[in-house]
There are 2 protein chains.
Amino acid sequence: MGNMNIKKLAQELNLSPATVSRALRDNYQISPETKTKVLAMAKKLNYEPNPFASNLRNQKSKTIAVIIPEVANNFFSQAINGIEEIARMRDYHVLIYQTHEKSETEIAFTQRLISGRVDGILISISSETNDNEHLKEIIKNIPVVFFDRVYEDIDAVKITTDDYESTYNATCHLIACGCKKIGYLLALNNISTGKKRFDGYKNALKDNEIPYNSDLILTDSNNDEENYEHIKQLLHTQKPDGIISSVEEMALPCYYACKELDIRIPDDIKIISFSNLKTAPLLNPSLTTITQPAFEIGKEAASIMFKILDKKYFEPNQTHILKSTLIKRESTSF
Amino acid sequence: MGNMNIKKLAQELNLSPATVSRALRDNYQISPETKTKVLAMAKKLNYEPNPFASNLRNQKSKTIAVIIPEVANNFFSQAINGIEEIARMRDYHVLIYQTHEKSETEIAFTQRLISGRVDGILISISSETNDNEHLKEIIKNIPVVFFDRVYEDIDAVKITTDDYESTYNATCHLIACGCKKIGYLLALNNISTGKKRFDGYKNALKDNEIPYNSDLILTDSNNDEENYEHIKQLLHTQKPDGIISSVEEMALPCYYACKELDIRIPDDIKIISFSNLKTAPLLNPSLTTITQPAFEIGKEAASIMFKILDKKYFEPNQTHILKSTLIKRESTSF
């Protein structure tokens with residue numbers, strides 16, 4: 001029995017090698033019953049784990065990784081600070097990786113992290129991502145918590161905001177302000193976050209008996225100059241009386257385009273944007289925002305990660321929803 | 001001679017073990033002559049490096065670390081993007097660490113990086129730092145490039161901007177606009193970056209025969225609420241007709257304080273700030289800024305790092321200075 005290995009042990013137990021391996025590593029995804037069964041059989045059959053590999057695995061890196069699209073984004077930089085506040089209390093280091101919305105980069109990062117470099121991963125997925133096999137693989141080996149931008153179809157803890165309600169309420173606010181022709185700047189449309197925001201807008205129109213008009217929808221091209229030209233074109237040709245921007249990046253180009261086209265905010269057009277911009281109250285005019293609780297989302301995601309690492313978290317597939325706030329300012333006549 | 005080790009080899013060569021070790025690793029700090037001498041002696045004495053250790057050392061991590069005070073700072077987030085642009089071309093990963101201006105955190109990070117986790121470090125030092133022994137130690141083992149916030153007394157490549165000239169010119173601009181009582185919001189005063197900015201202000205006053213008045217100087221307390229109260233107090237009691245903010249973080253509190261105290265910008269007071277804020281042109285009023293070439297600084301720092309890693313850089317103690325731009329806007333009556 002000297003060369004007993006995980007594969008043979010798994011055969012004896014009638015379990016998959018992956019399950020046995022996870023049970024031996026005390027992984028949170030394996031039930032206490034299975035763990036007891038596996039350990040008993042391992043003992044009975046004198047299974048000795050590879051001591052070098054085991055040592056590597058037991059050695060805590062005291063580091064968590066944060067994978068995000070961009071640090072030059074107020075939402076993410078504030079979320080990181082929330083994560084770090086919790087990590088600091090636990091004497092953990094935080095490594096930050098930017099994907100710049102590239103699926104390829106996200107895959108490369110996550111693959112490097114499997115090797116025990118970090119104890120856990122907090123991730124907000126790239127907008128380009130549409131295949132999540134790499135993440136399904138990684139969550140077998142290391143705890144992962146998703147925040148803000150999540151996959152619906154992955155079994156993991158998710159922290160999001162009320163994306164649907166946020167745009168629904170914002171659209172209703174514009175309608176209450178008298179807007180009848182509301183443009184929508186659509187981003188993140190490959191992922192659930194973006195889809196929910198868009199649904200909120202469409203359903204608010206429907207509930208207020210305003211027909212949906214696809215000419216008023218502008219899809220983010222991931223290119224600043226192109227976006228700016230498209231926004232100018234939308235404002236010039238369609239003459240919307242309201243705009244909802246589903247991401248902060250498209251709000252400022254709107255301001256510049258209005259300046260250039262001599263369109264007055266809020267007299268000619270009212271603007272609302274998802275934004276964690278600190279200068280929103282100081283803009284000319286001040287900007288009405290849907291503000292996500294970025295710092296709190298980071299704190300919540302990190303707190304749950306540490307509960308998982310402490311083996312004190314028992315709802316591995318739960319979604320936690322934090323509420324955003326609609327802050328009414330001059331750009332919608334407040 | 002089987003148990004020949006670096007210590008004995010060093011004795012034979014009359015060199016320090018550290019120098020011998022670095023020569024064997026082909027470190028850029030060791031002269032070609034010394035390397036040749038060490039390699040010849042190692043061969044003569046049949047010195048065999050520990051193959052495991054050697055393997056670890058030769059194994060490139062293809063990763064560089066960036067250590068900065070804050071990602072929620074437009075200068076640093078843009079600099080990171082410059083660094084990543086270069087790293088991407090070389091197929092390198094970038095790890096980002098935030099120190100939150102804490103010397104202790106900076107020391108902890110750098111010590112973890114000695115072990116070969118990364119091939120090089122780009123660092124902008126924390127404002128709290130006044131002891132740099134940890135960095136002197138690290139640069140013996142791994143290439144380090146300093147950017148923006150640097151130590152004058154460390155032998156390493158440094159990329160900075162023209163801090164002295166920037167505030168000198170900004171102060172002259174305020175004087176040309178008619179300001180006679182110019183307040184200065186002083187930050188980073190423990191490090192050379194902050195000292196040079198402050199010197200630029202003081203010398204511009206002197207050259208324009210305006211007496212220096214310490215009552216007009218407000219020192220950053222590293223606490224947002226305290227800073228805000230201090231700024232209000234300065235504006236209320238001293239009634240300056242101009243303000244230079246040596247960091248972006250203190251400019252927006254100035255705007256809020258002026259609003260609260262009913263002080264009109266630029267009629268009653270003119271404001272200039274170091275800033276890479278994208279919204280500077282959209283503020284009410286738009287803000288005159290000293291804008292550092294953040295993206296270019298990041299690119300330059302990373303380019304030099306790769307030259308060092310390629311052993312194609314031969315001026316290990318050079319300082320590269322990039323120029324900032326004074327962008328005149330409404331807050332100084334432009």
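What rotation superposes chain A on chain B? Keep that in mind while I set things up. This is a predicted model, where local features need pLDDT of at least 70, side-chain atom pairs count only at pLDDT 80 or more, and totals for chains, interfaces and linings use all residues. Residues are numbered from 1 along each chain as its sequence is written, while chains are lettered from A and ligands numbered from 1 in the order in which they are written.

Okay, the rotation: it's 180 degrees, with 0.0 Å of shift along its axis and an RMSD of 0.2 Å (a least-squares fit on C-alpha atoms of residues with pLDDT of at least 70 in both copies). The two copies are thus related as by a two-fold rotation axis.

Now, where do they touch? Chain A and chain B put in 19 residues each, counting residues as in contact if their C-beta atoms, placed from the backbone, lie within 7 Å. On chain A's side, α5 (74–89), β2 (93–98) and α11 (251–261) each supply at least two residues. The largest share, five residues, comes from α5(A). Helices here are DSSP runs of H or I, at least four residues, and strands are runs of E, at least two, numbered from the N terminus. And 95% of chain A's interface residues are also interface residues in chain B, so the copies meet through the same surface.

Last stop, a sheet in chain A: six strands, open, mixed pairing, in the order β7-β6-β8-β9-β10-β12. Pairing takes at least two DSSP bridges between strands. β7 (217–219) and β12 (325–327) of chain A stand at the edges, each with a single partner strand, so one side of each has no neighbour in the sheet.

Definitions and conventions. Two residues are in contact if their C-beta atoms, placed from the backbone, lie within 7 Å.
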